[in-house]
Amino acid sequence: MTISFTINGQPQSVQDDAGDIKLLDYMHEMMTPSLTGTKFCCGMGICRACTVSMTKAPNPNAEPIVSCSTALATVNGADITTIEGVSDGDALLPIQTAFLKHFSFQCGYCTPGFVMASQIFLDWLATAPVTEAELDAAIEDAIGDHICRCTGYVRYQEALRETALAVINSEAAQ
């Protein structure tokens with residue numbers, strides 16, 4: 001049996017006996033070229049530095065997954081997007097610009113996971129808006145489990161709040 005999935009739109013296929021290989025290991029060690037923007041940190045999915053986006057039928061919405069502890073067998077039939085696949089060319093995403101503006105990170109090791117979870121949240125927000133009063137709780141749900149050892153979380157939350165308010169306000173204007 002073959003396990004088939006895409007990473008950043010590129011079809012991938014591995015034999016079923018490779019199903020126990022972790023997605024992060026596959027991206028770092030078996031892909032050509034290697035995708036190393038997604039970071040390995042705790043190895044147990046607790047810190048969430050390795051977060052990538054997965055869309056898998058029947059759910060049309062992307063969800064964050066921790067690639068360090070997700071076996072390839074789990075992503076059979078899925079579309080995976082990594083930090084390398086989120087932007088279109090050289091342009092930064094609004095959330096990336098907000099993270100820079102708010103100086104949300106220092107070492108940047110956790111940043112790819114924060115970007116991925118934040119972008120998934122912003123995409124979801126465009127289809128299922130929340131009120132401004134509900135926004136802080138929704139942000140906490142989206143990125144509250146991510147661990148940053150350098151800056152704390154306030155800057156990430158402020159940047160995501162600013163970007164989310166822009167999405168909410170643009171939806172309200174339409």
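# A sheet, its helices and a pocket

User: Hi! In what order do the five strands form the open sheet?

Analyst: Happy to help; note that this is a predicted model. The sheet is open and its pairing is mixed. From one strand to the next, the twist averages 30°. Read across the sheet, the five strands come in the order 2-1-5-3-4.

User: Which strands are the edge strands?

Analyst: An edge strand here pairs on one side only. The order 2-1-5-3-4 puts strands 2 and 4 at its two ends. The edge strands are therefore strand 2 (10-15) and strand 4 (59-66), with pairing as defined by DSSP bridges.

User: Thanks! In strand 4, what is the bridge partner of Ser53?

Analyst: Let's start with the two strands concerned. Strand 3 (residues 51-56) and strand 4 form a hairpin with two residues between them, and they pair in the antiparallel sense over five bridges. Val52 has Ile65 as its bridge partner in strand 4. For Ser53, the partner is Pro64.

User: Which strands does helix 3 touch as it packs on the sheet?

Analyst: Helix 3 covers residues 111-127, and its direction makes about 35° with that of strand 3. Helix 1 (residues 23-30) also lies across the sheet strands, running at about 75° to strand 1 (2-7). As for helix 3, the strands touched are strand 3, strand 4 and strand 5.

User: Good to know. Which element gives the most to the lining of the largest pocket?

Analyst: The pocket holds about 350 Å³ of space and is lined by 17 residues. Strand 4, helix 3 and helix 4 (132-143) are the elements that give two or more residues to this lining. With eight residues, the one that gives the most is helix 3.

User: How many residues of that lining are nonpolar?

Analyst: Ala62, Pro64, Ile120, Phe121 and Trp124 lie nearest the centre of the largest pocket, and these residue types count as nonpolar. Among the other classes, the lining has five polar and two charged residues. The nonpolar count is 10.

User: One last thing: how far apart along the chain are Glu162 and Lys101?

Analyst: The count of salt bridges comes to three. In one of them, the side chains of Glu162 and Lys101 meet at 3.0 Å, N to O. Glu162 sits in helix 5 (residues 154-173) and Lys101 in helix 2 (residues 94-101), so the pair links distant parts of the chain, with helices numbered from the N terminus. Their separation is 61 residues.

Key:
Residues numbered from 1 in each chain as written. Predicted model: local features only at pLDDT ≥ 70, side-chain atom pairs only at ≥ 80, totals over all residues. Heavy atoms only, no water. Helix = DSSP H or I, 4+ residues; strand = E, 2+ residues; numbered from the N terminus. Axes fitted to C-alpha atoms, helices over the stretch in contact; angles between N-to-C directions. Contact = heavy atoms within 4.5 Å. 1 Å grid on protein atoms, 1.4 Å probe; cavity = no way out; pocket = protein on both sides within 12 Å on 5 of 7 lines; lining within 4 Å. Points joined across faces, edges and corners; volume = space filled by probe spheres on them. Salt bridge = Lys/Arg side-chain N within 4 Å of Asp/Glu carboxyl O.
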